[in-house]
Amino acid sequence: MKLLLHMCCGPCSCFPVKRLREEGIEPVGWFYNPNIHPYKEWEHRLETAKEFAGKVNLEIRTEETYRLRDFLRRALAAEETAGGRCRACYEWRLGEAARYAAENGFDAFTSTLFYSIYQQHEVMKAVAERFAAEAGISFYYEDFRPGWQEGIDLSLAMGLYRQPYCGCIFSEEERYSKAIRKARKKAAKAAKAARLAAKEAESA
Ligand code: SF4
């Protein structure tokens, strides 16, 4: 099977590439991530994806246009919609992966996003299935998450740069803003208290 593997970054590619090869599939990597900001971070992840591909002898193709403004337009427009900016981000990347695979003679596509324990796995799966049907190509589904720790170990052994946040400028803010972290802790505490109160009311 000729499989296109959308690569979100080098470290997240370690386990999926190993796993696919164990299954007898030699994927072709494709770096397409207009969601990564700022520019230096995008460039660093792009170079790390290439470094990884070189180290494991993987064919890699890359889309090297930095798209901050396009991404912001889409993300802000999606803020109030169901799924918000992350769904829009999945739709953009997985939709393009489906289209690229269909137009370039692949039998199927998948993504290293299905390795991440931090992404909305089921949402991405539904998005990938929808775009696969639209593009007339197969979506090769595999849940790579069981290899989470193995993938981290592999990336560390290879000395790959490991990014500290998901990708977009919003996720960078969420990672480092003390105010956001404090508000999240407060919301989690309030949700926990509400759950406990509901339980107590049920058992009374
Ligand atoms: S947090 Fe991650 S998945 Fe969500 S929009 Fe930002 S880069 Fe995309």
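This report describes the sheet, the core, one long helix and some single residues of a predicted model.

Residues are numbered from 1 along each chain as its sequence is written, and side-chain values use heavy atoms, with hydrogens and water left out. Because the model is predicted, local features need pLDDT of at least 70 and side-chain atom pairs count only at pLDDT 80 or more, while totals for chains, interfaces and linings use all residues.

**The sheet**

Five strands form an open sheet in the order S3-S2-S1-S4-S5, with parallel pairing. Its edges are strand S3 (60-62) and strand S5 (138-139), each of which pairs on one side only. Helices (H or I, at least four residues) and strands (E, at least two) are DSSP runs, numbered from the N terminus; two strands pair if DSSP finds at least two bridges between them.

| Strand pair | Bridges | Residues opposite each other |
|---|---|---|
| S2 and S3 | Three | Glycine 29 and isoleucine 60 |
| S1 and S4 | Four | Histidine 6 and serine 111 |
| S4 and S5 | Two | Phenylalanine 109 and phenylalanine 139 |

Helix H2 (residues 39-56) lies across strand S1 (3-7), S2 and S3, and runs at about 160 degrees to S3. Such angles run from 0 to 180 degrees between N-to-C directions, with axes fitted as lines to C-alpha atoms, for helices over the stretch in contact.

In a regular strand the side chains alternate between the two faces of the sheet. Strand S4 (residues 108-111) is covered on both faces: Ala108 and Thr110 on one side, and Phe109 and Ser111 on the other, are all buried. Buried means under 20% relative accessible area, exposed over 50%, and partly exposed in between (1.4 Å probe, protein chains only).

In strand S5, serine 138 is partly exposed, with a relative accessible area of 42%. Leaving aside neighbours within four places in sequence, serine 138 is in contact (heavy atoms within 4.5 Å) with Asp107, Ala108, Phe109 and Ala132. Serine 138 and threonine 110 are 28 residues apart in sequence and 8.9 Å apart in space, C-alpha to C-alpha.

**The core**

The largest nonpolar core has 53 residues, of which Leu94 and Phe109 touch the most other members. Such a core is a set of buried Ala, Val, Leu, Ile, Met, Phe, Trp, Tyr and Cys residues joined through side-chain atoms within 4.5 Å. Helix H4 (residues 84-103) gives the largest share of this core, eight residues. Beyond four places in sequence, the contacts of leucine 94 include Phe109, Leu113, Met124 and Phe131.

Glutamine 119 sits in the loop between S4 and helix H5 (121-135). Glutamine 119 is buried, at a relative accessible area of 16%, and beyond four places in sequence is in contact with Tyr90, Leu113, Met124 and Cys166.

**Helix H8**

Helix H8 (residues 178-203) has 26 residues and reaches 38 Å from its first C-alpha to its last, close to the 38 Å expected at 1.5 Å a residue. The expected span is 1.5 Å times one less than the number of residues. H8 is hardly covered, with a count of zero buried residues.

**Backbone exceptions**

Most residues other than glycine have a negative phi, and most peptide bonds are trans. Histidine 37 and proline 38 are joined by a cis peptide bond, with omega about -10 degrees; proline 38 is in the loop between S2 and H2. Asparagine 57 has a positive phi, near 60 degrees. Asparagine 57 lies in the loop between H2 and S3 and is exposed, with a relative accessible area of 66%.
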